[in-house]
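Work through the exercises below with the sequence and the 3D view at hand. Try each task before reading its solution.

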Amino acid sequence: MRSYKKKSESIAVELRKTISYCPDTGICKRNGQQIGKLHVHTGGWLYSVIYICGCRVWVHHVAWLLSFGSWPQHEIDHINGNGTDNRLLNLRDVPHAINMKNKKRYRKPSVKHPGISIRITERGEAYRAQVGINGKTYRAKTTYDLQQAIADRVAMLHQHGYSELHTCHEENQ
């Protein structure tokens with residue numbers, strides 16, 4: 001399968017000639033028939049794809065091309081976190097760092113509370129929230145209340161522009 005990563009003009013021309021896109025529904029059609037197959041991307045995220053000129057093309061990239069006349073400059077972010085919701089109001093062209101701020105947490109975290117460190121002290125378990133942003137680690141004050149540490153971490157993430165999708169915890173899902 002050829003890659004369209006170079007986003008060649010020949011693929012764009014073929015898409016413009018053969019595919020229609022409805023911005024209100026996010027549906028692409030060819031000859032009046034809905035097209036797009038579900039594809040599981042590396043990391044487990046689900047997206048819709050179409051095949052054209054021997055290449056797999058993400059439907060959200062097709063939507064952007066047909067709506068704005070050019071390929072996206074960066075990454076297409078699905079604002080609501082649903083990779084199959086290709087309505088135009090749910091798509092935005094953003095740099096990778098911004099897209100990662102809207103990313104859902106992995107479904108099966110390796111630890112119960114990501115970003116919370118635990119230390120055993122004479123008074124009991126002490127918790128401290130931390131986040132890593134652009135290579136720098138930010139830490140909250142130590143607390144003996146786990147729920148406070150979780151709230152501290154969520155506040156730090158919000159302070160740095162992360163969305164609710166990124167900060168939800170197992171007990172809230």
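The exercises start with the whole chain and then turn to a sheet, its helices, the salt bridges and a loop residue.

**Exercise 1. The whole protein**

Task: State how many helices and strands the protein has, and what percentage of its residues count as buried.

Solution. Keep in mind that this is a predicted model. Counting the elements gives 5 helices and 11 strands. Next, take burial: 34% of the 173 residues count as buried. The accessible surface is about 10,700 Å², and carbon and sulfur atoms make up 50% of that area. Last, look at contacts with a separation of 6 or more: 44% of them join residues 24 or more positions apart.

**Exercise 2. A sheet and its edges**

Task: Find the order of the strands in the open sheet of 3 strands, and say which strands stand at the edges.

Solution. Begin with the order, which is β4-β5-β6, with antiparallel pairing. Then count partners: β4 (37–40) and β6 (55–58) each have a single partner strand, so each has one side without a neighbour in the sheet, and these two are the edges. From one strand to the next, the twist averages 50°. For a detail of the pairing, take β4 and β5 (residues 46–52), which are joined in the antiparallel sense over 4 bridges. Within this region, Lys-37 stands opposite Val-49 in β5.

**Exercise 3. Helices on the sheet**

Task: Determine which strands helix α1 lies across, and which strands helix α2 touches.

Solution. Helix α1 covers residues 9–18 and lies across β5 and β6. Its direction is at about 95° to β5. Helix α2 covers residues 59–68 and packs on the sheet, where it touches β5 and β6. The angle between the directions of α2 and β6 is about 75°.

**Exercise 4. Salt bridges**

Task: For the pairs Glu-14 with Lys-17, Arg-92 with Asp-77, and Arg-87 with Asp-85, give the N to O distance and decide whether each residue is buried, partly exposed or exposed.

Solution. The structure holds 4 salt bridges; the pairs named in the task are among them. For burial, the cut-offs are under 20% relative accessible area for buried and over 50% for exposed, with partly exposed in between.

1. Glu-14 and Lys-17 meet at 3.7 Å, N to O. They are 3 residues apart in helix α1, so about one helical turn separates them. Glu-14, at 26%, is partly exposed, whereas Lys-17, at 62%, is exposed.
2. Arg-92 and Asp-77 have their closest N and O atoms 2.7 Å apart. Arg-92 belongs to strand β8 (residues 91–94) and Asp-77 to strand β7 (residues 75–78), so the pair ties together parts 15 residues apart in sequence. Arg-92 is partly exposed at 30%, while Asp-77 is buried at 2%.
3. Arg-87 and Asp-85 meet at 2.7 Å, N to O. Arg-87 is partly exposed, with a value of 27%, and Asp-85 is buried, with a value of 11%.

**Exercise 5. A residue in a loop**

Task: Locate Thr-142 and list the residues it touches, not counting residues up to four places away in sequence.

Solution. Thr-142 sits in the loop between β11 (136–139) and α4 (146–159). With a relative accessible area of 37%, Thr-142 is partly exposed. Thr-142 touches Arg-119, Ala-126, Tyr-127 and Arg-128. Take Arg-119 from that list: Thr-142 and Arg-119 are 23 residues apart in sequence, and their C-alpha atoms are 9.5 Å apart in space.

Key. Residues are numbered from 1 along each chain as its sequence is written. This is a predicted model: local features need pLDDT of at least 70, side-chain atom pairs count only at pLDDT 80 or more; totals for chains, interfaces and linings use all residues. Side-chain values use heavy atoms; hydrogens and water are left out. Two strands pair if DSSP finds at least two bridges between them. Axes are lines fitted to C-alpha atoms, for helices over the stretch in contact, and angles run from 0 to 180 degrees between N-to-C directions. Contact means heavy atoms within 4.5 Å. Buried means under 20% relative accessible area, exposed over 50%, partly exposed in between (1.4 Å probe, protein chains only). Accessible areas come from the Shrake-Rupley method with a 1.4 Å probe; for residues, only the protein chains shown count as cover. A salt bridge is a side-chain nitrogen of Lys or Arg within 4 Å of a carboxyl oxygen of Asp or Glu.
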